[in-house]
Amino acid sequence: MMADTMKKKDAPVLEICNMTQKFGGLTALSDFNITLGSKTMAGLIGPNGAGKTTVFNLVSGFYQPTQGQIRIGGCPTAGLKPHKVTALGVARTFQNIRLWNQMSVLDNIRVAQHGKLGYSFFQAILRTDHYCEREEQIKKEAYELLSVFDLEKYANEFPTNLPYGLQRKLEIVRALSEKPKLLLLDEPAAGLNSVDVQELIRLVRWIFETFDVTIWMIEHHMDVMMELCDEIKVIDFGQTIAEGSAEYVRNHPAVITAYLGDDNL
Amino acid sequence: MRKTPVKSILQRYSVHFILVVLGAGITYLAYQEAIGLYVLSVLMFMGVNIILSTSLNLVNGNMGEFSCGHAGFMCVGAYVASILGVLLFAKDKIFGVPLLSPDLAVYCFPFIIIAGGIAAAFAGLLVALPSYKTRGDYLAIITIAANYIIISLIENLGAIGGSRGFMGMKKVVNAMNDVVDLPWMVIWVFIFTVFTVWILRRYNSSTFGKGVSAICQDEVAAEIMSVDTNKVKTITFMLSSGLAGIAGGLFAYIIGYVNPGSFNILKSTEVMVMVYLGGMASLSGAVMSAIFFTILLELLRPLQIIKWVIIPLVLIIVMQFRPEGIMGNRELSDIFPKLKRFYRFK
């Protein structure tokens, strides 16, 4: 038992072994491997349709891999539903923002605490002391988190009324409110202008330095990747074609071919 | 400084106070026979309709599913409560002598109604379990199927009257009146109506209940953001159908007679009309439209069958000019924020 907990403690935050995903006859991802230790910031890039979001969908439990294994903090996630995977310490954002638009910003954060409510339906109906305590605590923590990110003035707004950049930020904050060990950011800079991108880079770096979290992100903006990621993995048509530092990846011939095509056409 | 506690007490208990006065007032008037039996029955149907529309609003409004089988669960509640009541407290040609003394009926009545509600909640699993994998139009079809399953099952159960229906509930009500002479049905309809709105209000304002709206707005995001969607769906469907079962039980005891035909798809549609008229996901809208709809039905009664031309026409007009319903998805307190100063109904 002791050895087991020790093993889990030392286990990498994320470990993916030989993961393959097939949709019917299409192999979206083949033989994908990665190990992310704690407090790392990694990137995943590739041309459109390379299978990047598929990787994130697999890690967050939205799909079950056809082959291979995913372990989060040492726990295999095979057969777990997404909310159970989230409970293991994974949180993510989406390529196209998926906030709950008819719910206030505060409620968006509150609902994200659903996994650790700690009260039952009947306690909610009867308003037991325990329930009231938990609700107060959830609200307080949500406000605190919002104020850390300077969003508390929007607490009662609907997310649709926020500017696009703030919606992106709110989605990241919502993911962080899960207190994840692994934060997956799926194209956080998509649709942002250059000023907002700089803002985002600062935000992600600040999150990385402040919270005890491993960040893995998909991004098309190379400047974001260069600034932030220690290690980048490049995939194309589901195959890993290169991995290494940003500088190495940028000059890798296979990557240039994948993005720009062969020069002897 | 001295004013504050009085004000906060006033704020905290204003709704309770109004409800007690209202309930006691109606009961007193009914006891004195100051209001006629007809008006009284309209008031009681109003209560039943409020329970039905608010509980359906939980599924159709808050969760964004399209349930068209609400009357089916009402039917389960009506039959279970009726059979239990007659079996225990009334002499009947099917069940013979009552198992318990009819004098006890007055104490056990709420439990009988709640038993009907619990049975209906379990019948709700008929929809809740398929909802894990299905949603939208396909789930709507399943709810219609569930309604038909329940109706045909009861139609074919000869032991409880089949399609001829089941009666004897009046004897139970009379047994209650023999012990304490009060308008018991009025009292219980009132209490259960308040109980329903109160439960739903608490459910909707809890973080747990907000998960229901999260599923409505983006189920994928809800599942990823740690909402156990299957659990939330099960509880929501069971709560909704359980409350419909309570409405059914009360309905059966008000009329004194149930038959499967009165819980068909038309009844479900009627409840749906109330929800859409009031506004999706608005609890106060559902209450108001249930009251409005009951009165409208009674006012149009002289038109007889033409009534069912007028009412759908009203729906068409509302959908044309105010597709979000009377209240939209807002509550009364969102429209009149000052009301929040006066009441806290939690």
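1. A surface patch here joins residues with over 30% relative accessible area and no salt bridge, like charges being linked within 9 Å. The model is predicted. Both charged patches described below lie on chain B.

2. The positive patch comes from B:Lys91, B:Lys93, B:Arg164 and B:Lys171. Take B:Lys91 as the example. Its place is the loop between α3 (70-89) and α4 (105-123) of chain B. B:Lys91 counts as exposed, because its relative accessibility is 59%.

3. There is a negative counterpart. B:Glu33, B:Asp103, B:Asp178 and B:Asp181 gather on the surface as a patch of negative charge. B:Glu33 sits in a loop too, the one linking α1 (3-31) and α2 (37-62) of chain B. B:Glu33 has a relative accessible area of 66%, so this residue is exposed.

4. How many disulfides are there over all chains? The count is zero. For background, a disulfide is a covalent bond that joins the sulfur atoms of two cysteines.

5. Why does B:Cys68 have no bond to the closest cysteine sulfur? That sulfur belongs to B:Cys216 and lies 16 Å from the sulfur of B:Cys68, which is too far for a bond. The cut-off for a disulfide is 2.5 Å between the sulfur atoms.

6. Cysteine exposure deserves a short remark. B:Cys68 has a relative accessible area of 9%, so B:Cys68 is buried. A:Cys132 has a relative accessible area of 33% and is therefore partly exposed.

Definitions and conventions: Residues are numbered from 1 along each chain as its sequence is written. Chains are lettered from A and ligands numbered from 1 in the order in which they are written. This is a predicted model: local features need pLDDT of at least 70, side-chain atom pairs count only at pLDDT 80 or more; totals for chains, interfaces and linings use all residues. Side-chain values use heavy atoms; hydrogens and water are left out. Patches are made of residues with over 30% relative accessible area and no salt bridge: like charges are joined within 9 Å, nonpolar side chains (Val, Leu, Ile, Met, Phe, Trp, Tyr) within 5 Å. Accessible areas come from the Shrake-Rupley method with a 1.4 Å probe; for residues, only the protein chains shown count as cover. A salt bridge is a side-chain nitrogen of Lys or Arg within 4 Å of a carboxyl oxygen of Asp or Glu. Lys and Arg count as positive and Asp and Glu as negative; His and the chain ends are not counted. The place of a charge is taken as NZ of Lys, CZ of Arg, CG of Asp or CD of Glu. Helices (H or I, at least four residues) and strands (E, at least two) are DSSP runs, numbered from the N terminus. Buried means under 20% relative accessible area, exposed over 50%, partly exposed in between (1.4 Å probe, protein chains only).
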